[in-house]
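Me: Please take a close look at one part of this model, the sheet and what packs on it. I would like a single connected account.

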Amino acid sequence: MAWSWRYEGTDGQTVEGPAESFGSQADAESWIGQSWRELAASGVTSVALVEDDRVEYRMSLLPTAE
């Protein structure tokens, strides 16, 4: 099973991002924890964790409103 991230912009459309592949969900989550700031700075507003073709979950990279 291969894990990867799908990157989405403000309109929800897929945008280009690093083509990383991970052997486990934990490795993918560790990587996004280290990389999300750079992704957000490049225009990625949300990501989806994908295992093969199945979306495990989505999450926003935008700061929460206070």
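Reply: What follows goes through the sheet, the helix on it, the core and one acidic residue.

This is a predicted model, in which local features need pLDDT of at least 70 and side-chain atom pairs count only at pLDDT 80 or more, while totals for chains, interfaces and linings use all residues. Residues are numbered from 1 along each chain as its sequence is written, and side-chain values use heavy atoms, with hydrogens and water left out.

The sheet is open and has 4 strands in the order β2-β1-β3-β4, with antiparallel pairing. Strands (E, at least two residues) and helices (H or I, at least four) are DSSP runs, numbered from the N terminus; two strands pair if DSSP finds at least two bridges between them. The edges are β2 (14–15) and β4 (54–60), each of which pairs on one side only. Helix α1 packs on the sheet and touches β1, β3 and β4, and its direction makes about 30° with that of β1. Here the axes are lines fitted to C-alpha atoms, for helices over the stretch in contact, and angles run from 0 to 180 degrees between N-to-C directions.

At one edge, β1 and β2 pair in the antiparallel sense over 2 bridges, and E8 stands opposite T14 in β2. At the other, β3 and β4 are antiparallel over 6 bridges, with L49 having Y57 in β4 as its bridge partner. The hairpin of β3 and β4 has 2 residues between the strands, and D52 takes a positive phi near 55° there.

L49 also belongs to the largest nonpolar core, a set of 12 residues that includes W3, W5, F22, W31 and V47. Such a core consists of buried Ala, Val, Leu, Ile, Met, Phe, Trp, Tyr and Cys residues joined through side-chain atoms within 4.5 Å. Two or more of its residues come from each of β1 (3–8), α1 (25–41) and β3 (46–51), and α1 gives the most, with 4 residues. Leaving aside neighbours within four places in sequence, W5 is in contact (heavy atoms within 4.5 Å) with residues including F22, A28, I32, L49, Y57 and M59.

E51 lies in strand β3. This residue counts as buried because its relative accessible area is 9%, where buried means under 20%, exposed over 50% and partly exposed in between (1.4 Å probe, protein chains only). Its side chain is joined to that of R54 by a polar contact of 2.3 Å. A polar contact is a pair of N or O atoms within 3.5 Å; within protein, one must be able to donate a hydrogen and the other to accept it, and residues adjacent in sequence count only if both atoms are side-chain atoms. Not counting residues up to four places away in sequence, E51 touches M1, A2 and W3.
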